[in-house]
Amino acid sequence: MPGKWVRVWNERLPGVPLTLVQAPAAEAGGLLLAGDADAGLVRLPVDRTVFSAIPLYTEQTVVVVPRDHLVTAVDEVSPEDLADEIVLHPLDDVLAWETLPGRPALERPATTADAVELVAAGIGVLVVPLSLARLHHRKDLTHRPLRDAPESGVALAWPEAATTDLVEDFIGIVRGRTVNSTRGRTRPPSSAQEKREKPGRAAGKGAGKPAARRQQAAGGGQRRGGGGTAKKKGTGGTPKNPRRGTPRRGS
C-alpha cells in the first residue's frame, strides 16, 4: 500500500518528492515528533493527545517456521498447536499478549530480525504480524495464519500541531480521494503542468482548422451534389428558352 500511495503522489505532485523511511515501530513516534518525518504508518495505539491518527487496517497474525516444520502441513494454526514449541518473544514485539503460547525461550531476542535468525537456526518459532513476516522473508522460512491471537492495527499518524497542506494531500491519497474530490485541496497548476498543458491547447486550436476545412469541403460537396440547378447557374451557356417551339404567325 505505501508504494501505491507514493506512485499516486508522484503523479499528482511531481515537483514535491516523497520518500519512504523504514523505522522500528518503537521509534516511529519519536521520528514524527522530532520532525524527521511528516507522517507515518504506525501501530496502534498512539497517544491521541499528541498525534492525529486515521486507522487504516488490522493485520493478520502469523507464525514463522522453517519450511520443513510440521505446521506447514495445515493452512491455519491454533495456539494449541504451538504448545510444545519454543515461541520466541523479541523485545520489540508489537503484539499485546496476555499469555504467550508455547514454551518461553531462555532469553528474549533483542529484535524481530534476531528472532527470525533463531527460527532459521531451528531454535524456535516466531509469531508476528504478516507485514513483519514479509519484511524478514527468507527462502528457508515460511509462515501460516495463527487464529485466536492478538492482532496489530495500523494507522496513518502525524503530530497534531504539524498538520500541513502537504499532509492533507497525503491523507487524501491514503483515503482514496480523487484529484477532483471536493474534500481535497485545490492546488494551482505547477509550472511543469502549465508547460504540459500549453502544447495541448495549441494542438487543440490547430486541430480545429482541418475540421473546418473538412466541413467546408463537405459543404462544397453538397452544393455540387445539389442537382442540376446549381450547375446550370454556374455555366456560361445560354439557358434553354421555355417558349421556343413552333414559330408564331403574325396577324
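This is a short tour of a predicted model, going from one helix to a sheet and then to salt bridges.

Start by selecting helix α1, residues 2-12. Its buried residues are Trp5, Val6, Val8 and Trp9. These span an arc of only 165° around the axis, so they lie on the same side of α1. Show what covers them: β1 (40-43), β2 (51-59) and α5 (165-174) are included. Then turn to the face directed away from the buried side, where Arg7 and Glu11 are exposed.

Next, select the open sheet of five strands, ordered β5-β4-β6-β3-β7 with mixed pairing. Its edges are β5 (103-104) and β7 (141-145), each of which pairs on one side only. Strand β3 (residues 61-66) runs antiparallel to β7, and five bridges join the two. Within this pairing, valine 64 is opposite histidine 143. Add helix α3 (residues 112-120), which packs on the sheet and touches β3, β4 (86-88), β6 (125-129) and β7. The direction of α3 makes about 140° with that of β6.

Stay on α3 and pick glutamate 117, whose salt bridge to arginine 138 has its closest N and O atoms 3.1 Å apart. Arginine 138 sits in the loop between α4 (130-135) and β7, 21 residues from glutamate 117. Arginine 138 also bridges to aspartate 140, at 2.9 Å. Shared partners thus join Glu117, Arg138 and Asp140 into one network.

Finally, select arginine 147 and glutamate 76, a salt bridge with an N to O distance of 3.1 Å. Arginine 147 is in the loop between β7 and β8 (152-159), glutamate 76 in the loop between β3 and β4. They are 71 residues apart. Both count as partly exposed: arginine 147 at 35% relative accessibility, glutamate 76 at 40%.

Notes. Residues are numbered from 1 along each chain as its sequence is written. This is a predicted model: local features need pLDDT of at least 70, side-chain atom pairs count only at pLDDT 80 or more; totals for chains, interfaces and linings use all residues. Side-chain values use heavy atoms; hydrogens and water are left out. Buried means under 20% relative accessible area, exposed over 50%, partly exposed in between (1.4 Å probe, protein chains only). Helices (H or I, at least four residues) and strands (E, at least two) are DSSP runs, numbered from the N terminus. The arc is that of the directions from the helix axis to the C-beta atoms. Contact means heavy atoms within 4.5 Å. Two strands pair if DSSP finds at least two bridges between them. Axes are lines fitted to C-alpha atoms, for helices over the stretch in contact, and angles run from 0 to 180 degrees between N-to-C directions. A salt bridge is a side-chain nitrogen of Lys or Arg within 4 Å of a carboxyl oxygen of Asp or Glu.
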